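Here's a quick tour of one protein model, starting from a single side chain and working outwards. Have the structure open as you read.

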Amino acid sequence: MVRPGGIVSGPTLMALTDVAAYAVVIAHHGRKEMAVTNGLSISFLRACKMETIIADARLLRLGRRLTTVDVRLWQQDENYLVAQSTVSYSLP
């Protein structure tokens with residue numbers, strides 16, 4: 001999970017993004033066992049140190065079959081994002 005220089009790996013940040021987005025899906029649709037990630041696009045904006053990472057997930061679109069969530073990751077200061085992602089989930 002850690003790259004040389006004490007940097008958090010991209011796949012680890014993507015996993016955090018997916019979990020945060022899924023929490024939003026559960027909060028709005030209830031527990032959906034078959035909700036699956038349909039797409040995940042992420043932009044890494046700066047190196048992420050081995051410190052506390054905050055994920056802010058916000059609902060962009062709530063549909064019957066597709067839900068889209070914006071997720072922003074930062075450390076210490078919300079104005080300096082580590083990554084930004086758009087995640088979509090297919091619902092049964």
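## A tyrosine under cover

Tyrosine 89 is buried, with a relative accessible area of 2%. Keep in mind that this is a predicted model. Tyrosine 22 is partly exposed at 22%, because the cut-off for buried is under 20%.

The structure holds 1 aromatic pair. Its partners are tyrosine 22 and tyrosine 89, in a tilted arrangement with 5.7 Å centre to centre and 40° between the planes. The pair ties together distant parts of the chain, with tyrosine 22 in helix H1 and tyrosine 89 in strand S6, 67 residues apart.

## The core around it

Tyrosine 89 also turns up in the largest nonpolar core, a set of 17 residues. It is listed among those with the most contacts inside that core, alongside Leu13, Ala21, Val71 and Leu73. Helix H1 (10-29), S5 and strand S6 (81-90) are the elements that give two or more residues to this core. H1 gives the most, with 5 residues. As background, nonpolar side chains tend to be buried together in soluble globular proteins.

Take leucine 13 as a sample of who meets whom. Setting aside residues up to four places away in sequence, leucine 13 touches Val8, Phe44, Cys48, Ile53, Leu73 and Val82.

## Strand S6 and its partners

S6 is mostly covered, with 7 of its 10 residues buried. Strand S3 (residues 36-44) runs antiparallel to S6, joined by 8 bridges, and serine 41 stands opposite threonine 86 in S6.

S5 is antiparallel to S6 too, and 9 bridges join the two. Here valine 69 stands opposite valine 87 in S6. S5 and S6 make up a hairpin with 6 residues between them, and in the turn glutamine 76 has a positive phi of about 65°.

## An aspartate tucked into S5

Now for a charged residue: is aspartate 70 buried or exposed? Aspartate 70 sits in strand S5 (residues 66-74) and counts as buried, because its relative accessibility is 8% and the cut-off is under 20%.

What does the side chain of aspartate 70 join up with through a polar contact? The partner is the side chain of glutamine 84, at 2.5 Å. Leaving out neighbours within four places in sequence, aspartate 70 is in contact with Asp56, Ala57, Arg58, Leu60, Gln84 and Ser85.

Technical notes. Residues are numbered from 1 along each chain as its sequence is written. This is a predicted model: local features need pLDDT of at least 70, side-chain atom pairs count only at pLDDT 80 or more; totals for chains, interfaces and linings use all residues. Side-chain values use heavy atoms; hydrogens and water are left out. Helices (H or I, at least four residues) and strands (E, at least two) are DSSP runs, numbered from the N terminus. Buried means under 20% relative accessible area, exposed over 50%, partly exposed in between (1.4 Å probe, protein chains only). A polar contact is a pair of N or O atoms within 3.5 Å; within protein, one must be able to donate a hydrogen and the other to accept it, and residues adjacent in sequence count only if both atoms are side-chain atoms. Contact means heavy atoms within 4.5 Å. A nonpolar core is a set of buried Ala, Val, Leu, Ile, Met, Phe, Trp, Tyr and Cys residues joined through side-chain atoms within 4.5 Å. Two strands pair if DSSP finds at least two bridges between them. Rings of Phe, Tyr and Trp (its six-membered ring) pair if their centres lie within 6.5 Å; planes under 30 degrees apart count as stacked, over 60 as edge-to-face and the rest as tilted.
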